[in-house]
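Load the model in your viewer and keep a selection tool ready. The stops below go in order, each with something to select.

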There are 2 protein chains.
Amino acid sequence: MAARQLVNDPDDFVREALEGLQRAHPGLVRYHEDPAYVVRARQPDKVALVSGGGSGHEPLHTGFVGSGMLDAAVPGAVFASPTAFQIRAAIAAADRGRGVLLIVKNYTGDVLNFRIAAELAADDGIQTRTVLVDDDLATDGQEDGAPGRRGTAAVVAVEKICGAAAENGASLDELTALGERIVSSARTLALALEACTQPGQDRPSFDLPDGEIEFGVGIHGEHGVGRRPYAPVRELVGDLTKPLVAALGLDRGDEVIAIVNGLGATHGLELSVVHRELGGFLDGLGVRIGRALVGSYVTALDMRGCSITLLRADDELLALWDAPVRTPALTW
Amino acid sequence: MAARQLVNDPDDFVREALEGLQRAHPGLVRYHEDPAYVVRARQPDKVALVSGGGSGHEPLHTGFVGSGMLDAAVPGAVFASPTAFQIRAAIAAADRGRGVLLIVKNYTGDVLNFRIAAELAADDGIQTRTVLVDDDLATDGQEDGAPGRRGTAAVVAVEKICGAAAENGASLDELTALGERIVSSARTLALALEACTQPGQDRPSFDLPDGEIEFGVGIHGEHGVGRRPYAPVRELVGDLTKPLVAALGLDRGDEVIAIVNGLGATHGLELSVVHRELGGFLDGLGVRIGRALVGSYVTALDMRGCSITLLRADDELLALWDAPVRTPALTW
């Protein structure tokens, strides 16, 4: 067996990691094993925020449970949606009688299971609304009937900003509108230098020829939208950023929140260089980075590469972004 | 050229990353380019803490500049000591007339250059004291004249805890004694599943045969003290932890601060599982993990693996550990 990961039985990987998360942060989160979800150790009286999806993207979403962000996160198996039964249980655990905002990345399984869970929650007498996150520009412009843009790193902004608004007492309707406004104002593009390897496997999900990168990748080890020659990071960042600027219609004097995200095995030095290049590129357009989050927040196991997310900012979004947050993975 | 890293010219890698760090955290840190060091954006009137060493270990040390931790960090090239000239300049920039504590990992180049810088600082009229960090148990028990134990992840505890004490108004002598007490109470062991790759290179620093791991590695891509067969993480964690417990003389009823550290390319799920196994192992001995830090804090570029640090805790250390900290990489 190849020594690629620190695991016991791969089938126990996610459960054991969640036990480890609770051990590391007993004051912040509580792990409920069956059905599996993670909730805040202390839940205040406010609209609850629940998100979830396949595992392998940590710290998303379980690492964002805490004050000022999520009230519960529902982890599936690696790269697999959680069940509707899990999601229903997490909704019930998080609800404080003021309704629950569901933050769902746009993948067929997640959308379906969160929808069923919302119906089951309605049967339980719990009101829910859903914000669908579909920020991945690489999957834009598909034909009718296609699943549409994937949900990737903009979900961090939705969870952070809506989380702050919920702490401030926003209603379920207000949070839904706020979440939808964030999603419509944010786009992401990613590239990979190396694919990721599933727990217990010894080969990555695809091989890249020497000197090529995969452009427009998602967060599940799938192929991107095209191969390109490897180039200095300055060029690669330009290639990622130009379409984002165009899609959001950013112009001189505009301000953005930028998320420079490592996909799993990317070193902090590299992400800092990416952020430098992003800053230089936007400087040239007169677009200001009002706030930045640079680190590995939405990963694809050990994929090597990065994503860039731009979110058009205004005073309301910046103030909510700056509000205090305390979770295992994000604190200020 | 192989597409292993997001870089421009490898010779510019560290400088460009430091520019990116400042761009991401303008309220926290200021990057001085020549000579290169990073200082707090606002420096209060207290004993200053300065650390540094080769780059490639980020977020160490530059990511720990901020309130409650370091006042300045001095980065060398990748895996190379900063010059005495750089360190002297950082000392002068950080000093507020109350003296400067130098936190130095035990490597020949760092020890020499910090010593020369301390002499130069004395010429500048600045009082310094040095805490030498030598926690790596893999390099214990060498013959006379050898460099002694390497400094690894325990340096995070020294920086955090002495940083808190400095904010509380501790004197230079008190901080020196505190730092030495932490070092003598902490030991670390690491293992690697895969070596690291230098910027601009396309091959790791060593190859591991299928099914073997490297035990007792340091943080510079060098070989460890021996090869072992790959095993479930439960066994590997036991192999790392047993010698730490013995070296610190930990016994039933004792309490520790645990640092479960990723070496660069290790996924958060893996580190959570390592922490779970560490907790289970120490439970069996009746040793309590009072506080835990789980994440990639002292890296060896993109090395795949982890280190475990145990620090024997008491009420004073726990209170200082819990004190507020706000840096690019550590905030609570």
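The tour runs from the pair of chains to the domains of one chain and then to single residues.

**Before starting**

This is a predicted model, in which local features need pLDDT of at least 70, side-chain atom pairs count only at pLDDT 80 or more, and totals for chains, interfaces and linings use all residues. Residues are numbered from 1 along each chain as its sequence is written, chains are lettered from A and ligands numbered from 1 in the order in which they are written, and side-chain values use heavy atoms, with hydrogens and water left out.

**Stop 1: both chains**

Superpose chain B on chain A. A turn of 180° with a shift of 0.0 Å along the axis lays chain B on chain A at an RMSD of 0.0 Å (least-squares superposition on the C-alpha atoms of residues with pLDDT of at least 70 in both copies). That is the relation of a two-fold axis. To find the axis from chain B, select Ala265(B): of the residues of that chain it comes closest, its C-alpha lying 2.1 Å from the rotation axis.

**Stop 2: the interface between the chains**

Select the residues of each chain that touch the other. In contact are 57 residues of chain B and 57 residues of chain A, where contact means heavy atoms within 4.5 Å. Of the interface residues of chain B, 100% are also interface residues in chain A, so the copies meet through the same surface.

The area buried between the two chains is about 4900 Å², and carbon and sulfur atoms give 58% of it. Buried area here is the accessible area (1.4 Å probe) that two parts lose on being put together, summed over both. On the side of chain B, show Leu6(B), Tyr230(B) and Leu269(B), which lose the most area to chain A, together 16% of what that side buries.

Next, show the charged pairs. There are 10 salt bridges between chain B and chain A (a side-chain nitrogen of Lys or Arg within 4 Å of a carboxyl oxygen of Asp or Glu). One to centre on joins Arg276(B) and Glu19(A), with 2.4 Å from N to O.

Polar contacts across this interface number 24 residue pairs, both residues at pLDDT 80 or more. A polar contact is a pair of N or O atoms within 3.5 Å; within protein, one must be able to donate a hydrogen and the other to accept it, and residues adjacent in sequence count only if both atoms are side-chain atoms.

Which element should be coloured on the side of chain B that touches chain A, as the one that gives the most? Helix H7(B) does, with 11 residues. Helices (H or I, at least four residues) and strands (E, at least two) are DSSP runs, numbered from the N terminus.

**Stop 3: the domains of chain A**

Hide chain B and colour chain A by domain: domain 1 is 14-185 and domain 2 is 186-321, with bounds from an automatic or database domain assignment. Their C-alpha centres lie 23 Å apart. The contact takes 34 residues from domain 1 and 39 residues from domain 2.

About 2800 Å² is buried between the two domains, 64% of it from carbon and sulfur atoms. In domain 1, Phe79(A), Leu137(A) and Ser185(A) lose the most area to domain 2, together 21% of what that side buries.

Three salt bridges cross between the domains of chain A. Now select Glu222(A) and Arg150(A), a salt bridge whose closest N and O atoms are 3.2 Å apart.

**Stop 4: local features**

Stay with Phe79(A), in the loop between S4 and helix H2 (84-94) of chain A. Phi of Phe79(A) is near 60°, a positive value in a residue other than glycine.

Move to the loop between strand S3 (48-55) and strand S4 (72-78) of chain A, where His61(A) is placed. The peptide bond from Leu60(A) to His61(A) is cis, with omega near -20°. In chain B, Pro59(B) is in the loop between strand S3 (48-55) and strand S4 (72-78), and a cis peptide bond with omega of about 10° joins Glu58(B) to Pro59(B).

End on Arg228(A) and Asp239(A), a salt bridge with its closest N and O atoms 3.5 Å apart. Arg228(A) lies in strand S9 and Asp239(A) in helix H6 (residues 233-248) of chain A, so the pair ties together parts that are 11 residues apart in sequence.
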